[in-house]
Each structure stands twice: as structure tokens, then as C-alpha cells.
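Please consider the sequence and the three-dimensional structure shown here. The account below is meant to be read alongside them.

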Amino acid sequence: MKIKIDFSPLKKEGPPIIIVGAVQESEAVANVCREKGIKVSAVCDSEPRRSQETLSELKIIHSPTLPKKFPKARFIIGCQHVQDVVEQLTGYGYDEFYSPLGLLENYNIKKFEHSVSHSYMEKRLDVCRKTHKAFFNQEKIYMRSIDIMVTTKCSLKCNNCSNLMQYYKNPEHTDHEKILDALKVIDANVDEISEFRLIGGEPLMNKGWADIVKGISERHNQCQIFIYTNGTIAPKEDQLKSFNVKNVNFIITDYGKLSANADKMTELLIKNNISYDRSPAQDWVDCSSVKQHKRSVKDNEEVFKQCCVKYLYTLLEGKLYRCPFIANAANLKAIPDNPANYVDLFSNSDDVKKKIKRMVKNSTFFPGCDFCLGRPYDPTNNLGYDGKGMIPAGQQVSESIPYKVYE
Ligand code: SF4
Ligand code: SF4
């Protein structure tokens with residue numbers, strides 16, 4: 001399927017123009033279209049809740065309803081899951097797709113209003129451009145982001161944590177030097193990574209978190225580092241001052257009263273000129289049970305195809321996985337140990353690069369997917385999904401939850 005970079009046909013009369021993905025980057029795409037006289041009719045997104053909202057004054061349409069409303073349409077792909085989007089929309093019978101690369105080439109952030117700060121939007125667009133460029137170079141080993149699990153300890157205990165923290169009886173921090181050593185192996189074998197994300201558990205519980213950030217920042221000063229926190233622990237000011245603030249960002253999920261230090265954290269970030277996004281926790285998709293399905297190959301392929309987190313490369317205890325579910329289910333030993341689920345970065349094998357490439361290019365499924373409920377873009381549709389759908393976020397349990405171990 002050809003995706004066009006030249007956007008000049010969009011200036012001509014033709015089928016309605018839709019921006020794909022109700023993501024922050026699409027605001028920039030909408031702005032530049034207005035400026036260039038390209039008339040956009042709507043934004044589409046697979047997440048049904050987004051259809052209650054608008055983006056840059058454009059109506060958001062739930063993607064599966066597109067064919068009814070727009071039998072013909074042209075699409076500008078604003079989001080970063082290019083391959084998935086094209087497959088989904090081709091399945092609805094559409095065939096005209098545009099990359100945002102040409103449109104965003106000389107985008108002047110300061111000229112426009114956005115729902116996030118200029119510095120934050122600049123970083124989103126930087127990652128967006130790199131992801132779309134990588135799409136046109138399939139030989140490259142590219143990771144849009146890598147989730148670095150710095151701890152399995154969390155200051156909250158959410159019943160339905162999609163990273164499976166609720167099952168850890170003896171959660172642990174990973175030593176910061178082990179993490180930086182593993183990242184060296186990844187650096188040597190991956191062509192490009194746009195975004196490093198510190199996650200957990202609660203990453204700020206690991207006292208080495210700032211050293212990990214500094215270690216990544218020194219080696220990758222062109223990449224963005226995002227620290228995902230639940231707002232329960234305020235960082236120390238001297239830690240914040242020690243960063244190269246240009247590439248360090250915080251993402252605060254606000255769980256209301258549970259996020260007792262979110263205000264203090266926000267004040268400190270503003271004071272130290274560190275970019276951040278703070279958003280209330282929204283309902284989650286039920287996806288945190290480990291259960292063997294014994295699906296057919298075809299059904300597991302469908303689960304993987306529908307999955308919205310299949311590019312969330314996850315580093316945990318020296319192993320690289322394709323998603324946080326498999327990483328934690330394997331780390332908990334809840335699923336059978338299967339080397340097809342991961343790359344052991346400390347294996348001293350001379351084909352680590354080959355193994356990483358195989359993992360990155362895998363477009364079928366992993367053995368671990370058979371133990372997953374699925375995590376579809378659209379949980380209202382049972383296609384490739386065996387969970388309950390939307391559930392309330394952040395409900396707490398007092399004890400770790402027992403789980404079945406599959407041998
Ligand atoms: S805050 Fe809740 S969802 Fe986030 S990592 Fe901790 S347990 Fe999981
Ligand atoms: S196990 Fe497979 S289906 Fe489940 S989240 Fe990971 S990649 Fe997606």
C-alpha cells in the first residue's frame with residue numbers, strides 16, 4: 001500500500017479528508033491543513049470514547065463507523081501506528097493515504113495554540129516524524145519507544161494494573177547499572193530509538209531512577225525520555241536540576257486523592273522548567289488476567305493484529321520483550337519460559353542483532369499472546385479480545401493477588 005508524502009493532491013477537490021488518530025500530533029496536522037487551505041472534515045479514532053470529544057474543533061468519529069458516514073475518503077495518518085491504521089482502513093475499503101511528513105516539514109509550533117505546551121508538542125512531533133520516516137525504511141531496526149521497567153514495586157496497588165504489578169508478592173527494583181548495561185547492548189544492535197520511557201510500578205520508588213535518566217540522557221541527547229509516574233512521590237529538586245532538561249519529560253497520571261504529591265511534583269517541574277503532561281486516570285481496558293486460551297494460530301494472529309500495545313518494547317531484568325504483558329507474565333513465571341517471547345540481552349550470543357530484528361519484524365504473534373486477554377484498539381468489539389471491556393481505573397487492593405502458574 002502506497003502512502004503519499006506529497007500532500008498537494010489534498011488541496012484539490014476530492015473525497016472528504018480525515019485525520020487518523022485523536023492524538024496530540026494530529027492538532028499540528030489540523031493546524032497546518034487550515035493554513036495551507038486543505039479542508040479537513042473530521043478526525044477518526046478506534047477508541048470509542050474519543051467520539052464524544054473534538055480535536056482542534058473537528059468532530060472525532062469512531063473508526064468502525066467511517067464507511068457509513070464517508071463511503072469515500074482520503075486519510076492523513078496523524079498517529080504513529082502506521083501499518084495498523086493502513087490495514088484497518090484498507091479493510092473498510094479505503095485506499096488513499098497520506099503521511100504527515102510533508103505537511104509537518106516546516107511547522108512553526110509557536111504560531112499555533114495546542115492543548116499541550118509548545119515544548120511538549122515539539123517533543124511529540126519529533127517522535128512522530130522519526131516514526132513516519134522509519135516506516136519508509138523497513139530495513140532499519142527501529143523502535144519508536146522502549147519501556148524500561150526500573151522496578152516492580154508500586155506505591156499504589158491497582159487491582160487491574162495492565163503491567164501486572166498486583167501479582168508481585170516480592171516486588172523488586174532493578175539495579176540502575178544493570179539497566180544501563182542492557183541499554184548498551186540494545187544501542188549496539190538497534191538502529192534508532194526515539195523515546196525511552198521509565199515505567200514500573202512507580203519508577204520514582206527506585207532510588208537509582210535519576211541515575212538511569214542521566215545515563216540515557218548522556219548517551220542519547222537527541223532522544224526523548226519520559227518518566228511515567230502516579231504522582232505519589234515528589235522528586236528531589238537536586239535530582240531535577242541534574243538533568244539535561246531539554247530531553248526529560250514527566251507524564252503524571254492523576255489518580256485524585258491517591259496521587260497525594262501530584263501538585264508538589266507539578267510545582268517542582270514548572271520551577272525547574274521540565275516539560276510534563278498531567279492527566280486524570282481514565283477508565284481502563286480489562287487486560288490484566290493471565291489465562292491460557294489454547295487459541296488456534298489464526299485466532300492468536302487476530303489478537304495480535306488488534307493489539308494496541310504490540311510495539312511497547314519492554315526491558316525487564318536484562319530481557320527485551322515486545323510488550324509489558326509478556327514481560328511481566330514471564331518475569332512472574334506465570335507463563336512457560338519460551339525464548340521465542342524475548343531476547344536475552346546478556347546471553348553472550350553473537351546473534352543478538354538477528355534476534356532483535358526478528359522480534360521487531362514479527363507481525364504474527366508471540367507464544368505469550370495465548371495467555372493474554374488481548375488489548376484491542378477497540379474493546380467494544382470482541383474481535384481478538386476476551387476481556388470485560390472498560391473498567392474503572394485505579395481500584396486498590398490491599399494484598400498481592402494469587403495467580404495460576406502455567407508450566
Ligand atoms: S499506579 Fe497502578 S497502574 Fe500504575 S503501575 Fe502502579 S499499580 Fe500499576
Ligand atoms: S501478549 Fe500479545 S496480544 Fe497481549 S498485549 Fe502483548 S502483544 Fe498484545
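The following paragraphs treat a helix and its neighbouring strands, then a single helical residue, and finally the surroundings of a ligand. The model is predicted.

A suitable starting point is helix α6, which spans residues 209-219. Its buried residues are Trp-209, Ala-210, Ile-212, Val-213, Ile-216 and Ser-217. These residues lie on the same side of α6, because they cover an arc of only 160° around the axis. The underlying geometry is general: an α-helix has 3.6 residues a turn, so residues three or four places apart point the same way. The cover over the buried residues of α6 includes the strands β8 (142-149), β9 (192-199), β10 (224-229) and β11 (248-254). Two helices, α5 (176-189) and α7 (237-241), also belong to that cover.

Two of these strands are joined to the helix in a recognised arrangement. Together, β9, α6 and β10 form a β-α-β unit, and this unit is right-handed. Within it, the strands β9 and β10 run parallel and are paired over four bridges. One point of contact can be located precisely: Leu-198 has Ile-227 of β10 as its bridge partner.

Strand β10 also pairs with β11, again in the parallel sense, here over five bridges. In this pairing, Phe-226 is matched with Asn-249 of β11. Strand β10 is mostly covered, with five of its six residues buried.

Attention now turns to Leu-125, which is located in helix α4 (residues 118-135). Is Leu-125 buried or exposed? Neither term applies fully: Leu-125 is partly exposed, because 19 other C-beta atoms lie within 10 Å, whereas a buried residue requires 20 or more. Leaving aside residues up to four places away in sequence, Leu-125 touches Glu-25, Ala-28, Leu-104 and Tyr-107. For the pair Leu-125 and Tyr-107, the separation in sequence is 18 residues, and the C-alpha to C-alpha distance is 9.4 Å.

The last region is the shell around ligand 2. Which residues come nearest to ligand 2? Of the 15 residues around it, these are Cys-307, Cys-323, Phe-325, Cys-369 and Cys-372. Two helices, α9 (297-306) and α10 (324-331), are the elements that give two or more residues to this shell. In composition, the shell around ligand 2 comprises ten nonpolar, two polar and three charged residues.

Methods:
Residues numbered from 1 in each chain as written. Chains lettered and ligands numbered in written order. Predicted model: local features only at pLDDT ≥ 70, side-chain atom pairs only at ≥ 80, totals over all residues. Near = placed C-beta within 6 Å. Nonpolar A, V, L, I, M, F, W, Y, C, P; charged D, E, K, R; others polar. Buried ≥ 20, exposed ≤ 12 C-beta atoms within 10 Å, placed from the backbone. Arc of directions from axis to C-beta. Contact = placed C-beta atoms within 7 Å. Pairing = 2+ DSSP bridges. Right-handed = clockwise from strand over helix to strand, strands pointing away.
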